[in-house]
Amino acid sequence: MTLYNLVYLSSNIFNLYITKNFYELFLEHNKEKCRRTILAYILYFIATSSTYLLFEIPLLNLFVNIICFFIISLCYEGSITKKIFTTLSMYGYSFVIEILSLMILGVLIIKPAEKFEYDEFFAHFVSKTLSIIIIFILKNTLIKKSRLNLPVPVLLGFTTIPVATIIMELIILGNTRTTQTVSILSTLILLFINIVFFILFDSMAKLYEQKYENRIAVQERDYYYNNCIMMQKATDEVKDIYHDIENHLSVLHEFIKNKNNDKATDYIETITSITKEKFTAYSMTGNIVIDSIINYKLRNCSDNIQISVDNNVPPDLSMEIYDLSAILTNLLDNAIYAVKNFDGEKIIDIQIKYQKTLLLISVSNTYNGVLKYENNKIVTTKENAEFHGRGLRNVEKAIEKYDGLLTIEHDDKYFKAKVLLYMK
């Protein structure tokens with residue numbers, strides 16, 4: 001194997017990293033297909049490397065690359081149309097960067113159907129470095145896939161180091177006493193430096209994102225805790241009313257005994273309005289968390305909403321209150337919001353069943369038939385999506401702890417979210 005072939009293979013390894021980042025701009029990674037994804041990337045490396053080194057015919061390279069790119073796309077989540085688009089975009093992107101690098105270096109002489117003897121190893125280094133820089137710009141500026149904002153010095157450092165390695169390589173190659181062996185070895189070393197740097201940067205970006213997610217989680221935990229406090233307070237108010245029921249009956253007895261029917265009627269209406277204003281008992285299972293959340297969330301629903309609740313759960317469940325609150329409050333918030341913005345028949349149906357070690361939570365509602373999907377997942381249609389688009393994601397995060405399952409069913413009128421949890 002020549003030194004040039006070694007440079008090509010090294011740059012092709014780097015191309016795996018570039019391809020991975022490019023696909024993640026448009027398609028959602030499927031964790032269940034992790035092993036299949038790794039095999040697809042290995043196949044890509046072997047097929048493209050063998051074709052290039054053995055045949056060196058551009059049209060054959062094009063065909064093999066497109067086929068391999070499409071195989072890789074099958075390991076990600078997304079429609080077939082989007083996968084084809086991403087495949088063609090990936091090849092077009094790689095082709096344009098490669099041509100740009102060759103033009104810069106003045107070695108662009110290609111005959112598509114003939115063997116192409118190209119040993120400008122520095123062009124591989126330049127093209128791969130430019131590729132990852134441009135993908136980084138797309139990932140962090142043009143395509144706002146993440147709300148994560150990295151510090152400006154970090155972003156500047158990211159672009160400075162790759163550019164600096166290109167300048168260093170140009171200086172080395174510009175020295176007339178530099179041998180070809182030294183040039184190729186320096187290219188390999190600088191390429192390796194870039195690979196390590198990009199991987200470290202990716203890891204650092206994930207740490208920043210994790211820190212951001214943790215901060216949001218703390219805020220949400222405080223929110224759920226405050227909600228539970230408010231719900232418990234509302235429940236206590238109702239208990240006070242029931243506690244005073246004997247006194248209320250005594251007053252009514254005196255009114256009726258003295259034949260003050262008008263005063264008795266007024267008093268009954270007053271008690272009824274106060275009770276209804278403070279609390280309507282939709283759920284009375286004895287489970288404080290479930291009862292408090294359902295009764296609190298539904299108490300402000302208007303009279304024109306048909307609400308049915310069918311719960312059968314024990315007073316205590318072997319799961320964290322925070323997780324149960326996150327699941328139930330988010331599902332109810334989504335249902336209430338959808339029904340309030342629907343002009344037709346307003347219906348909310350809640351069912352919570354516990355049997356042996358299984359807990360089933362089902363919340364269905366009518367809605368306007370409009371849903372927004374991104375990467376095969378439902379996202380919020382509310383304004384300020386940054387603050388409102390976390391409902392179902394929080395539900396999924398909570399059920400992961402219990403090896404649970406979230407299923408969504410919907411047609412043009414009804415939307416149903418079902419959660420299945422395995423209790424220990």
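Hi everyone, let me start with residues 108–119, where pLDDT (the predictor's confidence in each residue, from 0 to 100) stays under 50. The model has 31 contacts beyond four places in sequence for residues 108–119, a contact being heavy atoms within 4.5 Å. Residues 142–148 also stay under 50, with 16 such contacts.

This is a predicted model, so to speak of local features we need pLDDT of at least 70, and side-chain atom pairs count only at pLDDT 80 or more, while totals for chains, interfaces and linings use all residues. Residues are numbered from 1 along each chain as its sequence is written, and side-chain values use heavy atoms, with hydrogens and water left out. The mean pLDDT of the protein chain is 76, and 71% of its residues reach 70 or more.

Now, the core. The largest nonpolar core, meaning buried Ala, Val, Leu, Ile, Met, Phe, Trp, Tyr and Cys residues joined through side-chain atoms within 4.5 Å, has 38 residues. Helix H11 gives the most to this core, with 10 residues. Helices here are DSSP runs of H or I, at least four residues, numbered from the N terminus. Ile327 and Ile361 have the most contacts inside the core, and Ile327 touches Ile361, Val395 and Val419, among others, not counting residues up to four places away in sequence.

Is Asp323, in helix H11, buried or exposed? Asp323 counts as buried because its relative accessibility is 1%, and buried means under 20% relative accessible area, with a 1.4 Å probe and protein chains only. Its side chain makes a polar contact of 2.7 Å with that of Tyr402; such a contact is a pair of N or O atoms within 3.5 Å, where within protein one must be able to donate a hydrogen and the other to accept it, and residues adjacent in sequence count only if both atoms are side-chain atoms.

Conventions: Buried < 20%, exposed > 50% of the residue type's maximum accessible area, 1.4 Å probe, protein only. Helix = DSSP H or I, 4+ residues; strand = E, 2+ residues; numbered from the N terminus.
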